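Good morning, colleagues. Please turn to the structure on the screen, which I shall take one part at a time.

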Amino acid sequence: MHILMVYGTKEGQTATIIERMAQIVRNQGHQVTACSVKEIPAAFATDTFDAAMVGGSIHMGAYPPQLRTFVTRHRDWLNTAPSGFFTVCMAIQSKNAAERDAAKAYGSRFVEVAQWHPQLIETFAGAVKYTQYNFITRYIMKRITKREGGSTDTARDHEYTDWDAVARFTRQFLETITQMEEARTK
Ligand SMILES: Cc1cc2nc3c(=O)[nH]c(=O)nc-3n(C[C@H](O)[C@H](O)[C@H](O)COP(=O)(O)O)c2cc1C
């Protein structure tokens, strides 16, 4: 199968997650085309792909705006082909249950508003990339991270992504699309 992987990222962690997913999918003998949502032309021919994985990160409570544009534009195809959606954020790591619930709600709200029905939906912790932030962002992120018990060493970046969870989700996605393909060709 040929799988389209689309990511919306600001500091690169969602792209790194997509790369890991692509590696797993390719190791299973499938073809992958991975692209940033910022680089996808409006007339992109999605219907040449058998399935889609879409991921986006959260900044100030929102996904990159191009992610909604992409999903809305290709909604009909996304609702026909097997698809998965994941969110990358830090609130999913919070000590506060209400914040973790709010983090999970980013994804469910996004697909609801977009009227998209992916088979799989997940939220992963991202990274705190102090070295990429300006002074003010570094200060704010340090305060938030300290409150949540994360590292305040601003001399380097800190990754919180659970790679086992990413691998599990990818394998689940492959199982789902394989089952759907078998049912379709029966
Ligand atoms: C300015 C800024 C705002 C952020 N806002 C949120 C937020 O509202 N909720 C959240 O859970 N995480 C928030 N984060 C954490 C990011 O989602 C996290 O760093 C993620 O790994 C970014 O992914 P990316 O590198 O793919 O852009 C924020 C990070 C930054 C730098």
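Strand E4, residues 83-89, pairs with E5 in the parallel sense, over six bridges. Within this pairing, Phe86 has Glu122 of E5 as its bridge partner. I should say at once that we are looking at a predicted model.

These two strands belong to an open sheet of five strands, ordered E2-E1-E3-E4-E5, with parallel pairing. Which strands stand at the edges? They are E2, residues 31-36, and E5, residues 120-125; each has a single partner strand, so one side of each is left without a neighbour in the sheet. On average, neighbouring strands of this sheet are turned by 15° against each other, direction ignored. As a general point, strands of a sheet pair through backbone hydrogen bonds, either parallel or antiparallel.

Let us now consider the helices. Helix H1, residues 13-27, packs on the sheet and touches E1, E2, E3 (51-57), E4 and E5. The direction of H1 makes about 170° with that of E1. Helix H4, residues 97-114, lies across E4 and E5, and H4 runs at about 140° to E4.

I turn finally to the start of the chain. Met1 lies in the segment before strand E1, which covers residues 2-8. Is Met1 buried, partly exposed or exposed? Met1 has a relative accessible area of 27% and is therefore partly exposed. Leaving aside residues up to four places away in sequence, Met1 touches His30, Gln31, Asp50, Ile177, Thr178 and Glu181. The C-alpha atoms of Met1 and Ala91, 90 residues apart along the chain, are separated by 34 Å. Thank you for your attention.

Note on methods
Residues numbered from 1 in each chain as written. Predicted model: local features only at pLDDT ≥ 70, side-chain atom pairs only at ≥ 80, totals over all residues. Heavy atoms only, no water. Helix = DSSP H or I, 4+ residues; strand = E, 2+ residues; numbered from the N terminus. Buried < 20%, exposed > 50% of the residue type's maximum accessible area, 1.4 Å probe, protein only. Contact = heavy atoms within 4.5 Å. Pairing = 2+ DSSP bridges. Axes fitted to C-alpha atoms, helices over the stretch in contact; angles between N-to-C directions.
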